[in-house]
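User: I would like a close look at a single part of this model, with its surroundings described in a connected way.

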Amino acid sequence: MGRVLIIGAGGVGNVVVKKCAMNPDVFTDIMLASRTLSKCEAIATQIGGNRIKTAQVDADDVPQLVALIQSFKPDLVINVALPYQDLPIMDACLETGVHYLDTANYEPKDEAKFEYSWQWAYKQRFQERGIMALLGCGFDPGVTGVFTAYAAKHHFSEMHYLDIVDCNAGNHGKAFATNFNPEINIREITQNGKYYDNGQWVEIPPMSEHKPIAYPNIGERESYLLYHEELESLVKNFPTIKRARFWMTFGQQYITHLTVLQNVGMTGIKPIKFQGIDIVPLEFLKAVLPEPSSLGENYTGETSIGCQIKGLDKEGKDLTYFVYNNCSHAEAYREVQAQAVSYTTGVPAMIGAMLMLKGEWMRPGVFNVEEFNPDPFMDLLNKHGLPWHEILHAELPHEYPA
Ligand code: NDP
């Protein structure tokens with residue numbers, strides 16, 4: 001049915017390629033391209049059967065990307081490299097007339113700033129070229145947007161309060177590691193927290209607001225209010241939302257390490273001189289930390305990510321609603337040799353790509369996931385390894401109403 005070019009052979013890329021390869025009726029031809037060719041080849045060898053073509057590419061370089069796209073002729077490019085590459089890859093898609101999908105919004109390298117404005121600005125050009133870009137199709141952002149759209153479609157006449165709750169209750173046995181690209185992860189956590197309240201964005205110092213939240217099958221975990229990019233698109237696309245927040249769990253050991261690294265300047269993103277050369281402390285830190293793709297083997301425990309929503313049901317009565325998925329690190333490893341954070345990102349990227357190639361989610365322009373019919377996506381989550389559960393009318397843990 002379709003040819004797909006996947007860019008980025010890291011933790012998430014490994015999952016996307018393997019899940020696409022498991023669905024040959026949709027993904028007839030697959031190429032994996034990344035900065036380091038040997039990483040693409042290692043994944044292709046694990047899949048075997050000459051099923052996956054590989055290539056080296058610097059995805060910051062538009063002419064290189066255009067040449068690669070023109071030689072492989074994909075219908076769709078899945079970008080699971082880093083957020084810095086979003087705009088060059090979108091530029092290459094525009095030039096070649098190929099659809100685009102990613103899992104994280106663009107960030108400039110020299111400033112930790114997360115917003116959709118740069119990518120939304122491509123809307124008209126994508127429309128005019130007759131191609132589609134699907135933004136943020138991982139788990140969060142991604143499934144959290146689909147969960148919210150599903151709640152709006154099937155349960156609510158008006159949604160008022162949205163809390164996205166993200167818990168990793170796993171243990172990888174390392175003193176300190178991040179579950180996705182360390183540079184991106186640490187930039188996200190060390191910026192100010194931010195949430196939406198009655199039409200305003202409220203900023204708070206990093207990690208300054210936290211509370212225990214109870215997660216299904218896991219129990220209470222200390223959860224920290226962070227800014228997360230899907231809040232921006234969700235409050236725009238569901239304007240009845242009065243308050244939207246994002247919470248993520250961190251263990252004390254992680255926070256202690258991060259505090260020390262911050263205090264000594266290792267999380268800085270401005271270059272410093274070291275022995276006559278410029279180095280960025282956070283890029284150097286990334287180089288000494290474990291790669292996210294290497295964490296899977298002895299990872300125990302599970303993740304739990306969901307949306308807690310309160311508002312009015314279709315009859316106008318009060319409704320509380322919780323929809324979530326739990327994912328086991330060990331099961332993800334057994335299936336695709338990945339930990340659950342890579343798995344929960346890679347599976348939705350494959351599903352979004354599948355719906356685009358089948359034409360079920362296909363319109364020219366630039367879109368976030370919640371702008372499409374959530375039902376086929378929700379069905380495919382159950383079929384491809386991320387079953388979800390919903391709880392209606394339960395007392396949601398803490399904090400309702402404001
Ligand atoms: P990794 O660091 O494991 O992988 C990133 C890959 O991209 C690496 O293989 C890297 O190459 C490659 N890459 C980096 N720069 C370039 C470049 N200029 N040209 C070509 N390839 C390049 O990260 P993850 O797999 O953990 O994350 C991938 C993406 O997924 C990130 O954007 C992250 O933000 C996003 N994400 C989204 C989530 C969601 O739920 N929405 C959750 C988790 C992650 P090399 O191997 O040479 O370094």
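Is strand S16 (residues 318-328) largely enclosed by the rest of the structure or largely open, and why?

Analyst: In this predicted model, strand S16 is largely enclosed by the rest of the structure, because eight of its 11 residues are buried, where a residue is called buried if 20 or more other C-beta atoms lie within 10 Å of its own.

The strand pairs with S15 and with S18, and these pairings can be taken in turn. Strand S15 (residues 302-313) runs antiparallel to S16 and is joined to it by 11 bridges; within this pairing, isoleucine 309 has tyrosine 321 of S16 as its bridge partner. The two strands S15 and S16 form a hairpin with four residues between them, and in that hairpin glycine 316 adopts a positive phi near 90°. Strand S18 (residues 389-392) also pairs with S16 in the antiparallel sense, here over four bridges, and the bridge partner of tyrosine 324 is histidine 389 in S18.

For the wider setting, the ligand is surrounded by 35 residues, of which the closest are Gly10, Val12, Ala59, Gly138 and Phe180. Helix H1 (11-21) and helix H13 (340-357) are the elements that contribute two or more residues to this shell. By residue class, the shell around the ligand comprises 15 nonpolar, 14 polar and six charged residues, and at least three of its residues come from each of domain 1 (2-135) and domain 2 (143-336 + 386-392).

Note on methods: Residues are numbered from 1 along each chain as its sequence is written. This is a predicted model: local features need pLDDT of at least 70, side-chain atom pairs count only at pLDDT 80 or more; totals for chains, interfaces and linings use all residues. A residue is buried if 20 or more other C-beta atoms lie within 10 Å of its own, exposed if 12 or fewer, and partly exposed in between; C-beta atoms are placed from the backbone. Two strands pair if DSSP finds at least two bridges between them. A residue is near a molecule or strand if its C-beta atom, placed from the backbone, lies within 6 Å of it. Ala, Val, Leu, Ile, Met, Phe, Trp, Tyr, Cys and Pro count as nonpolar, Asp, Glu, Lys and Arg as charged, and the others, Gly among them, as polar. Domain bounds come from an automatic or database domain assignment.
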